[in-house]
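Got the viewer open? Let's take a walk through this model, one selection after another.

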Amino acid sequence: MATEVQGTDAAVHEGEGVRRRDFINIAAVSFAGVGGLAVLAPLINQMNPSADVLAQATSEVDLSAIAEGQAIKAVFRSQPLFVRHLTAKEIAEADAVDPSTLRDPQTLEQRTVDGKKQWLITMGVCTHLGCVPLGAGEGENRGEFGGYFCPCHGSAYDTAARIRKGPAPKNLQVPTYKYTSDTAILVG
Amino acid sequence: MSFPWAEHYTPKLPLMKWIDEKLPLPRFVYNAVGGGYEVPRNLNYFWNFGVLAGLALTIQLVTGIILAMHYASNAGIAFDSVEHMMRDVNSGWLLRYAHANGASFFFIVVYIHIFRGLFYGSYKAPREMVWLLGVVIFLLMMATAFMGYVLPWGQMSFWGAQVITGLFSAIPVVGDPIHTWLLGGFAPGDATLNRFFSLHYLLPFVIAGVIILHIWALHIPGSSNPTGVEVKGPQDTVPFHPYYTAKDGFGVGVFLLLFALVLFFAPNAMGHPDNYIQANPMSTPAHIVPEWYFWPFYAILRAFTMDLSIPFTGIVIIPAKLLGVLAMFSSILLLFFLPWIDTSPVRSGTYRPLFKKFFYLLLVDVVVLGYCGGAPAAEPYVMISQIAAAYYFAHFLIVLPIIASIERPDPLPGSITEAVLAKAKHRPVEADPALAAAAE
């Protein structure tokens, strides 16, 4: 359209062959396009977790009742949370491994809070496809590395909940948490 | 849209003439599935499965709309509302079993429909668009079926949702936010159930829309046929009605018979008993499997157990989990390219001796994948899935192009009529006076 020679005075006056009509056309379509994108934002964002779901996004866990060698399943963000009180032997086993040989290299120190090395707090969600691994309950199969074992596709985690064998790509996730007292943590 | 010799719609009643001038809907139907649509005369029973898929969709729509009247899409009561349907609602058990088994039957007929297309080269020019739209319908069906399976909120529903949405978390960088966004939370919950219900109700109507496009695209060149030879003249075709309405009617009867057999005597045969346990986010069932119709794809997903890394450096390029996800999606997306992968000009597998052998191998391969997908993730199934998944991709990416370039096809019949009459010659002509007349 813009290349058509209309021969009107307006086209000549505005120079560079840009007609008023073309300018209005582009401006109007651009404005409608930006408006359309702005409308799209809430339509997409409504699918994100709602305020009440986010309000449940922290959990408190009392550690005082967990004996050495024992583990419990708590709930964090409606997913299982494994809280494990490691024995000295389990800590030694975890420390004996050279991290550079691991699929997801991390030491037990990096996965626990300073001075609280015996408290291993991880999500109970296998990093492969999200099943709940076994090993937190009494008498459950802990797999060949003495940590957790996922029955779905056979991922085995060691005593620091690091991935050692099977299809899972990462160590069990350590959520952000802090100690609110010596025997209580706030997760999230 | 049709051949020049097709019957024209001529309304006789004044009312029909009046309607035809205002809104020519009866004319449209007559030209689409009536006497005005000319179809090759030699279609075999494999050509029934398009109509059967339409029937299966209709069954799903009718039973589904009724089930929605009794269902509650709230994570607290969804499981109970389904049990309420099964025990208390009048004929609720029948409608729910019909819907659950209807989904399985829908996939059975669609898989036969797809393999029909693969064997007879229905995806080749000029019908590429028909094939592409068919793959779109297949993807929509998979999404709909997956979300429908989540609605009863049993153990398999919950953990199926967890695993399948977990696939998206394999995407680098943006995977986790997408995962949370899809679920509306950090694990499947109320928000997930509600959006799945909404979409599960919507998508079948989208499918119906794409089916209309699928049929529209089909009716431009007209239906293919078992010889793959194009229609050459009026002697090659018969009108859809009454010839194929009758033939499809017979197929519908057989379909309904088999459907009733499963519905009334083995309604849970294709389901998983764990889905009669209410969803429990704290405990994973020992063996998570999707519905049987997803097994081949699930096997491809699980076949990838090794990271793709640079040898001897340990630098991982693509982790195993992402590889599995990519392979699973590509196994379907690959079908979009099929019309351009298979370059052989001969359509029908009947006249392609080499192609035929590999077609049956693919069929066996997919069945093997399906079996492994339903089995636990242990040896020997993992290794078998790896071999079978490798063949699946090799079939499309390597075998088909090679066959197309080296194969010497059998001689094609001169026309559809010639093929039909050549077959009839093996029978005494006197036994069939109609054929005897046609032969002269």
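**First stop: a pair of strands in chain A.** Select strand 3 of chain A, residues 79-85, and then add strand 4 of chain A: five bridges join the two, and they run antiparallel. Keep in mind as you look around that this is a predicted model, not an experimental one.

Now zoom in on one spot in that pair. Which residue stands opposite M123(A)? Click on L81(A), and you've got the partner that faces M123(A) in strand 4 of chain A.

Stay with strand 4 of chain A, residues 119-123. Is it mostly covered or mostly open? It's mostly covered, with four of its five residues counted as buried.

**Second stop: the two domains of chain A.** Colour residues 9-45 of chain A as domain 1 and residues 53-187 as domain 2. How many Å separate their centres? Taken over C-alpha atoms, the centres of these two domains of chain A are 56 Å apart.

Next, select residues 23-44 of chain A. An unreviewed UniProt entry lists this stretch as "transmembrane region". In the model, residues 23-44 of chain A are 100% helix and 0% strand. Put a distance label on the end C-alpha atoms of that stretch, and you should get 32 Å.

**Third stop: where chain A meets chain B.** Show both chains together and look for the place where they touch. Here 21 residues of chain A are in contact with 24 residues of chain B. What sort of residues does chain A bring to that side? They divide into 11 nonpolar, eight polar and two charged.

**Last stop: chain B.** Hide chain A and turn on the cartoon view. You can pick out 17 helices and four strands in chain B. Along the principal axes, the C-alpha atoms of chain B fill a box of roughly 75 × 60 × 40 Å.

Why does the radius of gyration of chain B agree with a compact globule? With 440 residues, such a globule would come out near 22 Å, and chain B has 25 Å, so the two agree. Of those 440 residues, 39% count as buried. Take the contacts in chain B between residues at least 6 apart in sequence: 75% of them join residues at least 24 apart.

To finish, select residues 15-227 of chain B. An unreviewed UniProt entry gives this part the annotation "domain: Cytochrome b/b6 N-terminal region profile". Residues 15-227 of chain B are 70% helix and 1% strand, and the end C-alpha atoms are 43 Å apart.

Conventions: Residues are numbered from 1 along each chain as its sequence is written. Chains are lettered from A and ligands numbered from 1 in the order in which they are written. This is a predicted model: local features need pLDDT of at least 70, side-chain atom pairs count only at pLDDT 80 or more; totals for chains, interfaces and linings use all residues. The radius of gyration is taken over C-alpha atoms; the globule rule is 2.2 Å times the number of residues to the power 0.38. A residue is buried if 20 or more other C-beta atoms lie within 10 Å of its own, exposed if 12 or fewer, and partly exposed in between; C-beta atoms are placed from the backbone. Two residues are in contact if their C-beta atoms, placed from the backbone, lie within 7 Å. Two strands pair if DSSP finds at least two bridges between them. UniProt positions are given in the numbering used here, feature names are shortened, and annotations may be inferred rather than shown by experiment. Ala, Val, Leu, Ile, Met, Phe, Trp, Tyr, Cys and Pro count as nonpolar, Asp, Glu, Lys and Arg as charged, and the others, Gly among them, as polar. Domain bounds come from an automatic or database domain assignment.
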